[in-house]
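Take a look at the model below. This report goes from one residue at the surface to a pocket, then to pairs of charged side chains, and ends with the whole fold.

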Amino acid sequence: TYLPDEAGAYKQMSGIKYLRFMAGLFTSDIDTLNSYVERAKGICGLGDRLNDKIGSYSRGMIRKLLLARAVMTKPKLAILDEPTSGLDVLNAIEIRKMIKRLAEEEGMSFLLSSHNMLEIEFVSHRIGIISKGRLMVTGTPDELKERYSAPNLEQVFERVVNENEVH
């Protein structure tokens, strides 16, 4: 499943109708469809607001809805492009916690692209740093911080990129 940074939802549709519509793209079996929708409802945590039109949602609510839509079918891999871009701090924290919980409790794998190294450090078990379209280094957050004698991934990124520009 892929969730792009600029993913949108049908603003005139209610959240619940949107989830039912999207679930219908994956199955025609009503029981399976209902189980996907129930799963998405639990993941997004929007409660009664799912009855409201998506156009009335905040950006954070839309991201929660879209994330729930992306994982309601329990894909083995979900690719998330900048999952918290444009969100306020509290909504970004919630999205990160949702991703981490789904990975830990349900064994889902996520491939995240992000410019926010603190976010990557919080949610990731393994990291790959890409610069100019090339995979420069991979490892766990702790391995990379130790290898580059850096206190955080932001400084690891800076050192990796600078080291490779010199050569």
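Phe26 counts as partly exposed, because its relative accessibility is 48%, and the band for that label runs between 20% and 50%. This is a predicted model, and each value here is computed from it. Phe26 sits in a loop. Before that loop comes α1 (15-24), and after it comes α2 (30-44).

**A nonpolar patch**

Phe26 has partners at the surface. Together with Tyr10, Phe21 and Leu25, Phe26 makes a nonpolar surface patch. The patch covers about 440 Å².

**The largest pocket**

How can empty space be found in a model? Rolling a probe the size of a water molecule over the atoms shows where empty space is left.

What is the volume of the largest pocket? It is about 680 Å³. The lining of this pocket is made of 28 residues. Nearest the centre lie Leu111, Leu112, Ile120, Arg126 and Gly128.

Many elements take part in the lining. At least two residues each come from the strands β2 (77-81), β3 (109-113) and β4 (127-131). The helices α4 (89-106), α5 (117-123) and α7 (153-166) also each supply at least two. Which element gives the largest share of the lining? That is β3, with five residues.

What kinds of residues line the largest pocket? In the lining, 17 residues are nonpolar. Another seven are polar, and four are charged.

**Salt bridges**

The count of salt bridges comes to seven. Three of the pairs are listed here, with the N to O distance for each.

| Pair | N to O distance |
|---|---|
| Glu106 and Arg39 | 2.6 Å |
| Asp52 and Arg49 | 2.5 Å |
| Lys145 and Glu121 | 2.5 Å |

Start with the salt bridge between Glu106 and Arg39. This pair links distant parts of the chain. Glu106 belongs to helix α4, Arg39 belongs to helix α2, and the two are 67 residues apart. Is Arg39 buried or exposed? Arg39 is buried, because its relative accessibility is 13% and the cut-off for buried is under 20%. Glu106 is partly exposed, because its relative accessible area is 38%.

Next comes the salt bridge between Asp52 and Arg49. Asp52 is partly exposed, because its relative accessibility is 31%. Arg49 is partly exposed as well, because its relative accessible area is 32%.

The third pair is Lys145 and Glu121, joined by a salt bridge. This pair also links distant parts of the chain. Lys145 is in helix α6 (residues 141-147), Glu121 is in helix α5, and they are 24 residues apart. Lys145 counts as buried, because its relative accessible area is 16%. Lys145 and Glu121 do not stand alone: with Asp142, they are linked in a network of salt bridges.

**The whole fold**

Now step back to the protein as a whole. How many helices and strands does the protein have? There are seven helices and five strands. Along the sequence they follow the pattern β-α-α-α-β-α-β-α-β-β-α-α.

The C-alpha trace spans about 55 × 30 × 25 Å along its principal axes. The protein has 167 residues, and 46% of them count as buried. Arg39 and Lys145 are among the buried residues.

How values were computed
Residues are numbered from 1 along each chain as its sequence is written. This is a predicted model: local features need pLDDT of at least 70, side-chain atom pairs count only at pLDDT 80 or more; totals for chains, interfaces and linings use all residues. Side-chain values use heavy atoms; hydrogens and water are left out. Patches are made of residues with over 30% relative accessible area and no salt bridge: like charges are joined within 9 Å, nonpolar side chains (Val, Leu, Ile, Met, Phe, Trp, Tyr) within 5 Å. Accessible areas come from the Shrake-Rupley method with a 1.4 Å probe; for residues, only the protein chains shown count as cover. A salt bridge is a side-chain nitrogen of Lys or Arg within 4 Å of a carboxyl oxygen of Asp or Glu. Helices (H or I, at least four residues) and strands (E, at least two) are DSSP runs, numbered from the N terminus. Buried means under 20% relative accessible area, exposed over 50%, partly exposed in between (1.4 Å probe, protein chains only). On a 1 Å grid over the protein atoms alone, a cavity is a set of points where a 1.4 Å probe fits but cannot get out, and a pocket is an open set with protein on both sides within 12 Å along at least five of seven lines; lining residues have an atom within 4 Å of a point. Grid points are joined across faces, edges and corners, and a volume is the space filled by probe spheres set on the points. Ala, Val, Leu, Ile, Met, Phe, Trp, Tyr, Cys and Pro count as nonpolar, Asp, Glu, Lys and Arg as charged, and the others, Gly among them, as polar.
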